[in-house]
Amino acid sequence: AAELEPLLKTCAALSHKSAGIKASPELRRRVFSHLQDTLRAKPDPARERFFFWHRHWAVALASIVIIFASATGIFAISEKAMPDEFFYPAKLASEQIEMVLTLSSPNKAKLHMQFAQRRTEEMTTMALQDKSETVFLLSERASEHIMQMQEIFEKESLQVDNESEVSSPNIFATTPESIEPRSAGKDASTEILRTDCNENLHILQLALEDAPEELVPYLERAIENLEADYERTISIIHE
């Protein structure tokens with residue numbers, strides 16, 4: 001309830017502002033197909049019965065939000081919204097709903113990677129508009145997604161270790177001392193961003209050793225994109 005209430009309120013508020021907007025047939029088909037696939041997904045038999053029903057109630061309620069928002073075209077419009085734009089809350093809400101509807105750990109980790117890349121892309125745009133406070137906020141949000149991705153890999157690694165009864169070193173316990181900033185700039189803002197960049201890249205690089213094989217290409221792309229976005233943002237602020 002605590003997670004879904006703000007999403008419902010956001011959609012209700014936006015619906016009054018976008019009554020004339022119609023979702024495209026392609027978007028409707030895509031949302032309906034995703035909803036059907038989610039509802040047909042088999043639950044993990046190892047989970048407790050209470051959690052099973054809790055998850056399906058969450059899926060059902062989140063699905064209502066998706067259908068409601070899709071009917072007004074809110075998600076389609078908010079897809080490219082920036083933090084200083086009206087539809088940005090709907091963009092974040094759609095990401096939260098997508099995360100709720102995603103059941104498998106690898107897919108959740110993949111979403112966190114995608115959302116981290118979105119935050120760094122937005123960070124660069126905000127830097128061009130000289131909105132430094134928003135830049136740092138977006139950098140923090142990108143770091144949060146990467147940390148949550150890290151936690152998923154840690155849990156998966158621990159489960160494998162427990163099943164095989166083989167202890168292995170925790171690659172995430174190391175510190176990013178091996179990654180040095182490319183330059184020792186005097187500006188405090190760029191140094192903060194460089195620190196965030198190095199820490200995030202360190203986690204992603206170590207995650208490559210522990211990630212499922214199907215996620216390796218996404219991790220490699222995330223490393224490349226995040227580094228480019230941070231470097232561009234730092235360059236903009238420096239100039």
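# Reading the helices and salt bridges

From the N terminus on, the elements run α-α-α-α-α-α-α-α-α.

This is a predicted model, where local features need pLDDT of at least 70 and side-chain atom pairs count only at pLDDT 80 or more, while totals for chains, interfaces and linings use all residues. Residues are numbered from 1 along each chain as its sequence is written, and side-chain values use heavy atoms, leaving out hydrogens and water.

Me: What makes a stretch count as a helix or a strand here, and how many of each are there?

Reply: Helices are DSSP runs of H or I with at least four residues, and strands are runs of E with at least two; both are numbered from the N terminus. The protein has nine helices and zero strands.

Me: Why is Phe153 called buried or exposed?

Reply: Buried means under 20% relative accessible area, exposed means over 50%, and partly exposed lies in between (1.4 Å probe, protein chains only). Phe153 has 3%, so Phe153 is buried. The residue sits in helix α7. Its C-alpha atom is 7.8 Å from that of Ala109, and the two residues are 44 apart along the chain.

Me: Which class does Glu156 get, and why?

Reply: Glu156 also belongs to helix α7, residues 132-164. Its relative accessible area is 30%, so Glu156 is partly exposed. Pro212 is 56 residues away in sequence, yet the C-alpha atoms are 9.5 Å apart.

Me: What about Asp130: why is it called buried or exposed?

Reply: Asp130 has a relative accessible area of 68%, so Asp130 is exposed. You find this residue in the loop between α6 and α7. Its phi is near 60°, a positive value in a residue other than glycine.

Me: How many of the 239 residues are buried, as a percentage?

Reply: Buried residues make up 39% of them. The protein exposes about 14,300 Å², an area that comes from the Shrake-Rupley method with a 1.4 Å probe, where for residues only the protein chains shown count as cover. Carbon and sulfur atoms supply 55% of that surface.

Me: How do you know which way α8 runs against α9?

Reply: Two packed helices are described by the angle between their axes and the distance between the axes. Axes are lines fitted to C-alpha atoms, for helices over the stretch in contact, and angles run from 0 to 180 degrees between N-to-C directions. Helix α8 (residues 188-207) and helix α9 (residues 216-238) pack at about 175°, with axes 10 Å apart. Angles under 35 degrees are roughly parallel, over 145 roughly antiparallel, 65 to 115 roughly perpendicular, and the rest oblique. So α8 is roughly antiparallel to α9.

Me: Which residues make that contact?

Reply: Contact means heavy atoms within 4.5 Å. Among them are Leu193, Cys197 and Leu201 of α8, with Leu226, Tyr230 and Ile234 of α9. By class, the contact has twelve nonpolar, six polar and four charged residues. Here Ala, Val, Leu, Ile, Met, Phe, Trp, Tyr, Cys and Pro count as nonpolar, Asp, Glu, Lys and Arg as charged, and the others, Gly among them, as polar.

Me: What makes Asp84 and Lys131 a salt bridge?

Reply: A salt bridge is a side-chain nitrogen of Lys or Arg within 4 Å of a carboxyl oxygen of Asp or Glu. The closest N and O atoms of Asp84 and Lys131 are 2.7 Å apart, so the pair forms a salt bridge. Asp84 is in the loop between α4 (74-78) and α5 (88-101), and Lys131 is in the loop between α6 (105-128) and α7. Asp84 has 38% relative accessibility, so Asp84 counts as partly exposed. Lys131 has 30%, so Lys131 counts as partly exposed too.

Me: Where does the salt bridge of Glu231 with Arg194 lie?

Reply: Their closest N and O atoms are 3.4 Å apart. Glu231 is in helix α9 and Arg194 in helix α8, 37 residues apart. At 11% relative accessibility, Arg194 counts as buried.

Me: Which residues are linked in a network of salt bridges?

Reply: Lys91, Glu95, Arg118, Arg119 and Glu122 are. Within the network, Glu122 pairs with Lys91 at 2.7 Å between the closest N and O atoms. Both Glu122 and Lys91 are buried. In total, the structure holds six salt bridges.
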